[in-house]
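Work through these exercises with the model open. Try each task before reading its solution.

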Amino acid sequence: MDKKPLNEFRQDLVSGEWVLFMTARSHSLRSDEDKDFYQTKRECPFEDLVQSGQNIVWSYPENENQHATIIKNKFPAVRPGLCPVEQSFGPFKTFDPIGDHEVVVYREHDYGIYKFNQEDWIKTIQVYKKRFSELTKSQECAKYILIFHNHGRAAGASIYHAHSQIITMPILPPDIFRSLNGSFQYYQQHKKRVYADLLEWEQKERKRIVYENKEFIVFCPYVSKYPYELRIFSKESHAHFHELPDTSNEYFADAMFTALQKMKIVLDSPPFNMFIHTAPINNEEFGVHFHEFYHWHVEIIPKLKIDAGVEIGTGVEINVVDPDESAEKYRDAKI
């Protein structure tokens, strides 16, 4: 018996955002826009970092078998400088864009992130953690550090060669504030972590869980803003990603590898955005330690749709795929 199309509003428990599910429109998905996105090694500024004049921070490992190299972004969204002071222009607040914007360049030109094996992911996680920890100590102006990866032109990548990015900001980004504030409000009301309750509920339901190992869980959120969206959580609640014990790297790598391999199979290697949501560096906004109420996690968003009038005009995302269905297809995908 065919399942009845899903058509309802759902509200995110943490952010308060609404999502409108309209699964009868699932035919409108698109994922093949990046099939012609390729640059030759000769065109690539990341093929020879020295020759192309890149400002290299360090490489990992520190031998000829380097997996990744950190470089300064030649076209940064923020710039180095003295800590900015809040200013005003009429009724508006302004800040100088002081921060650090770096690129994590992976060694092989034609070895994209969908080809990463679990050992590659262990090295990548170590690079992320090491540089994040360094920036927390060296960037005294930074309120927030974001690690993200854009795969494919439709996801914002302008260079074919696989690379992640790390950016620090002197402000607390609004999406992060909503996540933190919603978590804090839930904690004040219930004296519990909202993400702990969400994970407990998902594990009882089992419908949207894609994969889990000893320490991590991969699932499609009940209030997925985007089709086939994935989230990865540690089963051990912690606010800061960079404090993940090294002994947990292999389990996190296993979860990342499995999530992206299943996405590759189900959606035919779609463009996607991946980012790590972690607590800010300092705790001045809330007065309670972040570990009391927040839980770092990864979000992976395949680029399958374009926001139009409803989404832009209301802030309500339309999702045309039932998360239960997404999770089932991911589970069925054999790696």
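**Exercise 1. Strand β9 and its neighbours**

Which residue in β9 does Ile-145 stand opposite? Then place β9 among its partner strands. Note that the model is predicted.

Solution.
- Step 1. Look across from Ile-145: the residue opposite in β9 is Thr-168.
- Step 2. Widen the view to strand β8, residues 144-151. Its pairing with β9 is antiparallel and comprises 5 bridges.
- Step 3. Turn to strand β7, residues 101-106. This strand also runs antiparallel to β9, joined by 5 bridges. Within that pairing, Glu-102 has Ile-166 of β9 as its bridge partner.
- Step 4. Check the cover. β9 spans residues 163-169, and 6 of its 7 residues are buried. The strand is thus mostly covered.

**Exercise 2. The disulfide**

Find how many disulfides the whole structure holds, and say what parts of the chain are tied together.

Solution.
- Step 1. Search the whole structure: 1 disulfide turns up.
- Step 2. Name the pair. Cys-83 is joined to Cys-141, with 2.0 Å from S to S.
- Step 3. Read the torsion about the S-S bond. For Cys-83 and Cys-141 the value is -95°, a left-handed link.
- Step 4. Locate both ends. Cys-83 sits in the loop between β4 (68-72) and β5 (87-89), while Cys-141 sits in the loop between α1 and β8, so the pair ties together parts 58 residues apart in sequence.
- Step 5. Apply the cut-off: buried means under 20% relative accessible area, and exposed means over 50%. Cys-83 has 35% relative accessibility, so this residue counts as partly exposed. Cys-141 has 17%, so this one counts as buried.
- Step 6. Use the cut-off on two further cysteines. Cys-44 is buried at 7%. Cys-220 is buried at 1%.

**Exercise 3. Helices α1 and α4**

Describe how α1 packs against α4, then classify the contact residues.

Solution.
- Step 1. Set the geometry. α1 (residues 118-138) and α4 (residues 249-267) have axes 8 Å apart, at an angle of about 115°.
- Step 2. Add the hand: the crossing of α1 and α4 is right-handed.
- Step 3. List the contact. α1 supplies Gln-118, Trp-121, Ile-122, Ile-125, Gln-126 and Lys-129. From α4, the contributors include Phe-252, Ala-253, Met-256, Phe-257 and Leu-260.
- Step 4. Sort by class. The contact of α1 with α4 has 8 nonpolar, 3 polar and 3 charged residues.

Conventions: Residues are numbered from 1 along each chain as its sequence is written. This is a predicted model: local features need pLDDT of at least 70, side-chain atom pairs count only at pLDDT 80 or more; totals for chains, interfaces and linings use all residues. Side-chain values use heavy atoms; hydrogens and water are left out. Axes are lines fitted to C-alpha atoms, for helices over the stretch in contact, and angles run from 0 to 180 degrees between N-to-C directions. Helices (H or I, at least four residues) and strands (E, at least two) are DSSP runs, numbered from the N terminus. A crossing is left-handed if the near helix is turned anticlockwise from the far one by less than a right angle, and right-handed if clockwise. Contact means heavy atoms within 4.5 Å. Ala, Val, Leu, Ile, Met, Phe, Trp, Tyr, Cys and Pro count as nonpolar, Asp, Glu, Lys and Arg as charged, and the others, Gly among them, as polar. Buried means under 20% relative accessible area, exposed over 50%, partly exposed in between (1.4 Å probe, protein chains only). Two strands pair if DSSP finds at least two bridges between them. A disulfide is a pair of cysteine sulfur atoms within 2.5 Å.
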